[in-house]
Amino acid sequence: MAMELETDHLARRQQSRRQAKGQQQQQQQRQNAPSPKPPAPAAAAAGGLSAEAFLALACVAVSLVVLPLVLPPLPPPPPLLLLVPVCLLLLLAALATFVPSADVRTMASSYL
């Protein structure tokens, strides 16, 4: 009975060693295998626009030519709505003017 247990124990050890060896070999094969390189896009390699991008730009150009001829003219916007871009411009000018001045050299060196 003790011999059977011992041989069974030895057989299990050998089996686990074989499995460990097999796993190590698989890992080595994965490491040695060349990594697949992603294919480069044809448009980027050629330095031009792809066919899809060219088609989209052509459709936008055609719509900019055709739609003003087809659609009726729109009424002018309300006068208060015309003040929105003017107010935005004034706000940006005020922010650019009244920003606290700081030493430009210290600001530039903090980003380097």
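Of the 112 residues in this protein, 0% count as buried. Please keep in mind that the model is predicted. The protein exposes about 11,100 Å², and its fold is built from five helices and zero strands.

**Overall make-up**
- Reading from the N terminus, you will meet the elements in the order α-α-α-α-α.
- Carbon and sulfur atoms supply 68% of the area that the protein exposes.

**Spans annotated in UniProt**
- An unreviewed UniProt entry lists residues 53–74 and 80–99 under "transmembrane region".
- In the model, residues 53–74 are 82% helix and 0% strand. From end to end, the C-alpha atoms of residues 53–74 are 31 Å apart.
- Residues 80–99 are 90% helix and 0% strand, and the C-alpha atoms at the two ends of this span lie 28 Å apart.

**Helix H3 and a nonpolar patch**
- Helix H3 covers residues 51–70, and Leu67 is part of this helix.
- Leu67 also helps to make a nonpolar surface patch of about 690 Å². Its partners in the patch are Val62, Val65, Val66, Leu69, Val70 and Leu71.
- Is Leu67 buried, partly exposed or exposed? Leu67 counts as partly exposed because its relative accessibility is 44%, and the partly exposed class runs between the buried limit of under 20% and the exposed limit of over 50%.

Conventions
Residues are numbered from 1 along each chain as its sequence is written. This is a predicted model: local features need pLDDT of at least 70, side-chain atom pairs count only at pLDDT 80 or more; totals for chains, interfaces and linings use all residues. Side-chain values use heavy atoms; hydrogens and water are left out. Patches are made of residues with over 30% relative accessible area and no salt bridge: like charges are joined within 9 Å, nonpolar side chains (Val, Leu, Ile, Met, Phe, Trp, Tyr) within 5 Å. Accessible areas come from the Shrake-Rupley method with a 1.4 Å probe; for residues, only the protein chains shown count as cover. A salt bridge is a side-chain nitrogen of Lys or Arg within 4 Å of a carboxyl oxygen of Asp or Glu. Helices (H or I, at least four residues) and strands (E, at least two) are DSSP runs, numbered from the N terminus. Buried means under 20% relative accessible area, exposed over 50%, partly exposed in between (1.4 Å probe, protein chains only). UniProt positions are given in the numbering used here, feature names are shortened, and annotations may be inferred rather than shown by experiment.
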